[in-house]
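User: I would like to go through this model with you. Could you begin with a strand pairing and work outward from there?
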Amino acid sequence: MKKIDYILQNERIRQAEKYLIGSTILDIGCHYGELFDKVSRKKTFTGEGIDGVLIEKIERENYTLYPGYFPEDFPIKKKYDSITLLAVLEHIPVETLQKYPALLSDYLHTKGRVIITIPSKKVDYILNVLLFFKLIHGMDLIHHQEFERSIIKEFFTKNGFNLVKEKRFELGLNILYVFEKK
């Protein structure tokens, strides 16, 4: 990743960590565990993460990262207090995405939270320009799905979740959703 990629990633983590609850975290799309590393400076927790960029399992003192994709490659079946999906859902086809509330509910305690960041649809154009000038690495841009971002809110609120927070950040180019399991 390049410096701008890290800046963008750090801001997503900064926005999300404010809404983490409890002491167990599942980070879907965890990259190399940056969220866990940052959160561990302020909070005691245990957690698991999964990401397709990983080639082998990584074990740290309070978290373990698994290579692959959620849910098919995720070997753990337990409940978490918080689940994060930071810049992940734009890579998932809408047909699969609409199944995520029920799927994530199986991994979440009652009153647990799902914390999502997703770029607005305008971001793809900006990212393509930054990528053209080699200012970013642009992780997996070719797999960004074209859909109206507000459907995420609809999928979750109609399927057992309350919306706790909806917020735009980074000049409105990214959206944060925080849902709580009923």
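Analyst: Certainly. Isoleucine 25 has glycine 47, in strand 2, as its bridge partner. Strands and helices here are DSSP runs numbered from the N terminus, with at least two residues (E) for a strand and at least four (H or I) for a helix.

User: What kind of model is this, and how are residues numbered?
Analyst: It is a predicted model, in which local features need pLDDT of at least 70 and side-chain atom pairs count only at pLDDT 80 or more, while totals for chains, interfaces and linings use all residues. Residues are numbered from 1 along each chain as its sequence is written, and side-chain values use heavy atoms, with hydrogens and water left out.

User: How many bridges join strand 1 to strand 2, and in which sense do they run?
Analyst: Strand 1 (residues 24-28) and strand 2 run parallel and are joined by five bridges. Two strands count as paired if DSSP finds at least two bridges between them.

User: And which strands pair with strand 4?
Analyst: Strand 2 (residues 46-51) runs parallel to strand 4, with five bridges between them; aspartate 51 has proline 67 of strand 4 as its bridge partner. Strand 3 (residues 58-59) pairs with strand 4 in the antiparallel sense over two bridges, and there glutamate 59 is partnered by threonine 64. A hairpin of three residues connects strand 3 to strand 4.

User: Is strand 4 mostly covered or open?
Analyst: Mostly covered: of the five residues in strand 4 (residues 63-67), four are buried. Buried means under 20% relative accessible area, exposed over 50% and partly exposed in between, using a 1.4 Å probe and protein chains only.

User: What is the strand order in the whole sheet?
Analyst: The sheet is open, has eight strands with mixed pairing, and follows the order 3-4-2-1-5-6-8-7. Strand 3 and strand 7 (161-169) are its edge strands, each pairing on one side only.

User: Where does helix 6 lie?
Analyst: Helix 6 (residues 150-157) lies across strand 6 (108-119), strand 7 and strand 8 (174-181), and runs at about 0° to strand 8. The axes are lines fitted to C-alpha atoms, for helices over the stretch in contact, and angles run from 0 to 180 degrees between N-to-C directions.

User: How many helices and strands are there, and in what order do they come?
Analyst: The protein has six helices and eight strands, running from the N terminus as α-β-α-β-β-β-β-α-α-β-α-α-β-β. Of its 182 residues, 48% count as buried.

User: Changing topic, how many aromatic pairs does the structure hold?
Analyst: It holds 10 aromatic pairs. Phenylalanine 36 and phenylalanine 45 form a stacked one, at 5.6 Å centre to centre with 15° between the planes; both residues are buried. Rings of Phe, Tyr and Trp (its six-membered ring) pair if their centres lie within 6.5 Å, and planes under 30 degrees apart count as stacked, over 60 as edge-to-face and the rest as tilted.

User: Why is the pair of phenylalanine 70 and tyrosine 100 called edge-to-face?
Analyst: The ring centres of phenylalanine 70 and tyrosine 100 are 6.4 Å apart and the planes are at 65°, so the pair is edge-to-face. Phenylalanine 70 lies in the loop between strand 4 and strand 5 (80-86) and tyrosine 100 in helix 4 (residues 100-105), so the pair ties together parts that are 30 residues apart in sequence. Both residues are buried.

User: Which residues form the aromatic cluster?
Analyst: Tyr66, Phe70, Phe74, Tyr100 and Tyr107 form one cluster. Lysine 77 lies over the face of tyrosine 107, at 4.2 Å from the ring centre. A charge sits over a ring if NZ of Lys or CZ of Arg is within 6 Å of the ring centre and within 35 degrees of the ring normal.

User: Where is the cis peptide bond?
Analyst: The cis bond joins phenylalanine 70 and proline 71, with omega about 5°. Proline 71 is in the loop between strand 4 and strand 5.

User: What about the backbone at histidine 31?
Analyst: Histidine 31 has a positive phi, near 55°, although it is a residue other than glycine. Histidine 31 sits in the loop between strand 1 and helix 2 (34-39) and is buried, with a relative accessible area of 7%.

User: Lastly, what is serine 120 in contact with?
Analyst: Leaving aside neighbours within four places in sequence, serine 120 is in contact (heavy atoms within 4.5 Å) with Arg149, Arg168, Gly172, Leu173, Asn174 and Ile175. Serine 120 lies in the loop between strand 6 and helix 5 (123-132) and counts as buried at 5% relative accessibility.
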